[in-house]
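Here's a quick walk through the charged pairs and a few other contacts in this model. Have the structure open as you read.

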Amino acid sequence: MAEYLEPKVLCAGDSAVTIEFGDSIDIKVNARVQQLRQFIDRGQFNGVVELVPTYRSLTVYFDPVRVGDVAPFFERLKKLAANTKGEVPKGGLIIVIPVCYGGEFGPDMQNVIDHTGLSEEEIIKRHTAVDYYCYMLGFTPGFSYLGGMDESLATPRLKEPRKVIPAGSVGIAGKQTGIYPIDSPGGWQLIGRTPLKLFDPEGQPPFLIDAGMWVRFRSIDRKEYDEIASQVAARTYKPEILTKSGDAK
């Protein structure tokens, strides 16, 4: 069963509690995670330090001194969790990510071609044809785990992970796609790269993509890639952000 009828509230040490909504990757389960996150953000919870969403749970870090008696704190969380609904999000923000596919930026494009039997042109067409839901950030700061990829593009991870993958690389691993926000090791099949900076410690906010957002990839050529990269370096580039209805924001 993917979704728990009653969320599980579990202690995670003396300053954290985890609320679990299910046991699998499911957008309805994750919708409840994001709803609880919003409830807490708006609820003026005294002592809450940080909220960490995952595919199926939300961990709430708190200051035990400020919270005091945790029993009513936990009970309030439990009631809020019970009021969440497992419905596929119909709205939300869409961030458009420009990607230069193939060539030096997509060293594993041929692997995906060989595995799927599709041409490079068709792979790019299908990869840019849908809006992806960001389930969570993890692995490295700002690494977005995106769901909703056309299953015809599914390709296994590399047998031998790379020691260093350049920041901005767009990859495929199984039925998921994602973007490497910083130079890091990794085993995803690289098909392109974005000139955008997904993680900026000095930015407000530091992450370009957040859990619960939607991502839309747009194919660009090398000339546009270089132009956007220059704007990003100068901090003059403004990412294109839409609402789920398609209106610019």
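Let's start with Glu104, which makes a salt bridge with Arg222 (a side-chain nitrogen of Lys or Arg within 4 Å of a carboxyl oxygen of Asp or Glu), with the closest N and O atoms 2.6 Å apart. Glu104 sits in the loop between strand E5 (93-101) and helix H4 (109-116), while Arg222 belongs to helix H6 (residues 222-233), so the pair ties together parts that are 118 residues apart in sequence. Helices (H or I, at least four residues) and strands (E, at least two) are DSSP runs, numbered from the N terminus.

Before going further, a word on the ground rules. This is a predicted model, where local features need pLDDT of at least 70 and side-chain atom pairs count only at pLDDT 80 or more, while totals for chains, interfaces and linings use all residues. Residues are numbered from 1 along each chain as its sequence is written, and side-chain values use heavy atoms, with hydrogens and water left out.

**Salt bridges**

How many salt bridges does the structure hold? The count is eleven. The table gives three of these pairs, including the one we began with.

| Pair | Closest N to O distance |
|---|---|
| Glu104 and Arg222 | 2.6 Å |
| Arg216 and Asp131 | 2.7 Å |
| Glu20 and Arg56 | 3.5 Å |

The Arg216 and Asp131 bridge links strand E13 (residues 214-219), home of Arg216, to strand E6 (residues 131-137), where Asp131 lies, 85 residues apart. As for Glu20 and Arg56, Glu20 is in strand E2 (residues 16-22) and Arg56 in the loop between strand E3 (48-53) and strand E4 (57-62), 36 residues apart.

How open are these side chains? For relative accessible area, buried means under 20%, exposed over 50% and partly exposed in between (1.4 Å probe, protein chains only). Glu104 is exposed at 58%, and its partner Arg222 is partly exposed at 38%. Arg216 is partly exposed at 27%, whereas Asp131 is buried at 18%. Glu20 is buried too, at 14%, and Arg56 is partly exposed at 29%.

**Helix H6**

Arg222 also takes part in a network of salt bridges with Glu104 and Asp226. The helix itself has twelve residues, which at 1.5 Å a residue should span 16 Å, and its end C-alpha atoms are indeed 16 Å apart; the expected span is 1.5 Å times one less than the number of residues. At the N-terminal end of H6, Asp221 acts as a cap, with a side-chain oxygen 3.3 Å from the backbone nitrogen of Lys223. After H6 comes Arg235, with a positive phi near 60°.

**Around Gln176**

Gln176 is in strand E10 (residues 176-179) and is buried, at 18% relative accessibility. Which residues does Gln176 contact, leaving aside neighbours within four places in sequence? They are Tyr55, Tyr145, Leu146, Met149, Gly171 and Trp188, where contact means heavy atoms within 4.5 Å. Leu146 is 30 residues from Gln176 in sequence, yet the two C-alpha atoms are 6.0 Å apart. With Tyr55, the Gln176 side chain makes a side-chain polar contact of 2.7 Å. A polar contact is a pair of N or O atoms within 3.5 Å; within protein, one must be able to donate a hydrogen and the other to accept it, and residues adjacent in sequence count only if both atoms are side-chain atoms.

**Cysteines**

There are zero disulfides, taking a disulfide as a pair of cysteine sulfur atoms within 2.5 Å. Cys100 is buried at 9%, and Cys134 is buried at 0%.
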